Every structure is written in structure tokens, then in C-alpha cells.
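Q: Could you take me through the surroundings of the ligand in this structure, step by step and with care? I am new to it and would like one connected account.

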Amino acid sequence: MLQITELAARQQYPAGTLYVVATPIGNAADITVRALHVLSLVDRIAAEDTRNTAQLLARYGISKPSIAVHEHNERSAAERVIEHLRSGERVACVSDAGTPGISDPGARLVDAVREAGLAVVPLPGPSAVVTALSAAGAWVNGFTFVGFLPAKAKQRASQLRTLAHHPMALVFYEAPHRIVETTRALADALGGERQLLIARELTKLHESLHRCTLAEGPTWLEGDANRQRGEFVLVVEGAPEAEDAEDAHDALLLTLLEELSVKSAARIAATLTGAPRNALYERALQLKKPAQE
Ligand code: SAM
């Protein structure tokens, strides 16, 4: 063990640097040796919730001054972090669980620190998306991380339309009170045939990994109240390869037409797909018609 901690200590950790540190997503033993070393070394910790982080660090015998950096103050808190870095401090950024910036605060802080000409060093570690994917299996070859879908049904359906023909697996985060509704919305938008992995409470006592089809997902979840408890990652198989390109173009045009004129929708769709602009314009006109009548 001494040799391992020595390995972590051997690297140089320059002052005036922001260290982005991943922390466990459930099992406290999943912290890395390097994360512990850097968290012990830094002068200050920028944390999503300073009390949560203090509790976590207390488990490893670490106590540090902290700055709250959360969704609602990330820009202004970044200025304070930059002042500390400019005065020669080392600052670590952590979120409540997992990797900062992944459906968590951290990304704006990283932007601001880099724009200020200061260094950012990432320390890899737990993240629910990669943990779920590591146990998904060979049907997942390539993926797109979506994170949380919008809570409102209309916006959710609109986002899912843009993803319906995506060839790679899709990864979603979801909270327990919306898990059944979201799984049902996925089946409606993407079709019930696709494979689904429901990864619940990863690394925790009640961890479970259930694989089924999208159509079976909501029924399985409703089969036992315990299956709807805790934190969830959903991995959904990508669209079948034989999917008709015209369907994909229609889905894209329909989404663009919600916000744009026929001309703009056709222009953007042509840029994104490489299909001829004139053909897309004609199709967009046809798709627009029912709404105008
Ligand atoms: N930054 C985190 C990461 O790197 O995974 C994600 C934070 S996000 C606010 C919280 C969401 O991540 C949860 O609602 C859930 O969808 C997912 N999540 C986090 N921990 C999890 C776990 N132990 N098991 C399953 N999903 C988890």
C-alpha cells in the first residue's frame, strides 16, 4: 500500500492549477489513490455541496477550506476560485458524486479557469455512465451520453425525435420518481424492440442490472416497488442499421420546423445530413402543411 501511495505522490502537482477530481458514486472505497493524494495536497476544495464533501473527506481523514460551486453560482464562484489560483493556491473541484461536469457542476468553472489562462488537470474516477456501460455487453459499440431528458413531456418528445435514428447506443440518467414515465416515453419514441439496460444503485448495496426490451422496461419496473427506488442509468440500443434515411430526414426536419422557417430548416438539415437542399426544402414544405391547414 505504501508503494501505491508513493506512486501517486511521485507526480508533480503544480500550484495555480485547478484539479478536477472524480469521487465515488456510492461505494466510498471507489475513490482513487491519486484523488486522495491530491485532495490532501490542495489548499482549497470547490465543492457542489460543501457539507456533503466535508462528510466524504472526513471518511478519509481530510479536512480543507471549501468554496460552494453549484448550478446557481458557478460563474461568480469561478471568479473566487481564479483569485485563489492566481495567489498560488492549488484548488480541487469535486461534485456530490462521480465526475464533475457530467450532469453536474464543474464545466463552467473549467471554462472560466482556462479562459483566465490557468491550468486544469483532470483526475479520472467513478462516473455512473461509464460504470453502467462497462457491464452492458457487446450490443453497445459506441454510445452517446444524453444525461437527463427534459421533465416536460413535449420537450422530452422533441429531443427524443432528434435521437430516434441515432445509430449508437444512448445513455440516460434518471431519478426514481420519473423512471417509469421516462422508460415508457423511450419505448414510444424509439420503438419497443430495442435492448434496454436498467442499471440501478450502481456500486451500492442494492445494485441491480436488468436487461430487457424497451417495451418490457416499464412493466418490469412496475412489477416491484423496490425496482423503482434509487438512482438509475438507462442504456438503450442504437437505431437499427437498415433504418430508412428518409425517416431520419423527416425526424430532423420536424424538429427544426418547430423553431425555424421551411427555408432555414432545409438549409440546416442539408448541412447536417449532406442531402440535397432542394429535396429537403420540398419535403419540409410537405411536412409543414398539416400544421398550417
Ligand atoms: N456526476 C455524476 C456522474 O459522473 O455519474 C452524475 C451526477 S447526476 C446529478 C446524478 C445522476 O447520475 C442520478 O440521478 C443517476 O441517474 C446517475 N447516478 C449517479 N450515481 C448512480 C448510481 N450509483 N447508480 C446509478 N445511477 C447513478
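A: What follows is a close look at the ligand and its surroundings, with a short second look at one strand residue.

The model is a predicted one, and in it the ligand sits in the largest pocket. Around the ligand there are 19 residues, and the closest of them are D104, S127, A128, Y173 and F232. Sorted by class, this shell consists of 10 nonpolar, 4 polar and 5 charged residues. Two strands, β7 (169-174) and β10 (232-236), each contribute at least two residues to the shell around the ligand.

Turning to individual atoms, a nitrogen atom of the ligand lies 2.8 Å from an N or O atom in the side chain of D104, and a nitrogen atom of the ligand is found 3.2 Å from a polar backbone atom of A97. An oxygen atom of the ligand, in turn, is 2.8 Å from a polar backbone atom of A128. On its own the ligand has 570 Å² of accessible area, and the protein covers 91% of that area.

A further detail concerns Q195, a residue of strand β8, which runs over residues 195-200. The side chain of Q195 makes a polar contact with the side chain of R211, at 2.8 Å. When neighbours within four places in sequence are left aside, the residues in contact with Q195 are W139, R211, C212, T213, V235, V236 and E237. Of these contacts, V235 and V236 fall within the range of β10 (232-236), the strand already named as a supplier of at least two residues to the shell around the ligand.

Note on methods. Residues numbered from 1 in each chain as written. Predicted model: local features only at pLDDT ≥ 70, side-chain atom pairs only at ≥ 80, totals over all residues. Heavy atoms only, no water. Helix = DSSP H or I, 4+ residues; strand = E, 2+ residues; numbered from the N terminus. Polar contact = N/O pair within 3.5 Å; in protein donor to acceptor, adjacent residues only side chain to side chain. Contact = heavy atoms within 4.5 Å. Near = heavy atom within 4 Å. Areas by Shrake-Rupley, 256 points an atom, 1.4 Å probe, with all protein chains shown as cover. 1 Å grid on protein atoms, 1.4 Å probe; cavity = no way out; pocket = protein on both sides within 12 Å on 5 of 7 lines; lining within 4 Å. Sits in = over half its atoms within 2 Å of the grid points. Nonpolar A, V, L, I, M, F, W, Y, C, P; charged D, E, K, R; others polar.
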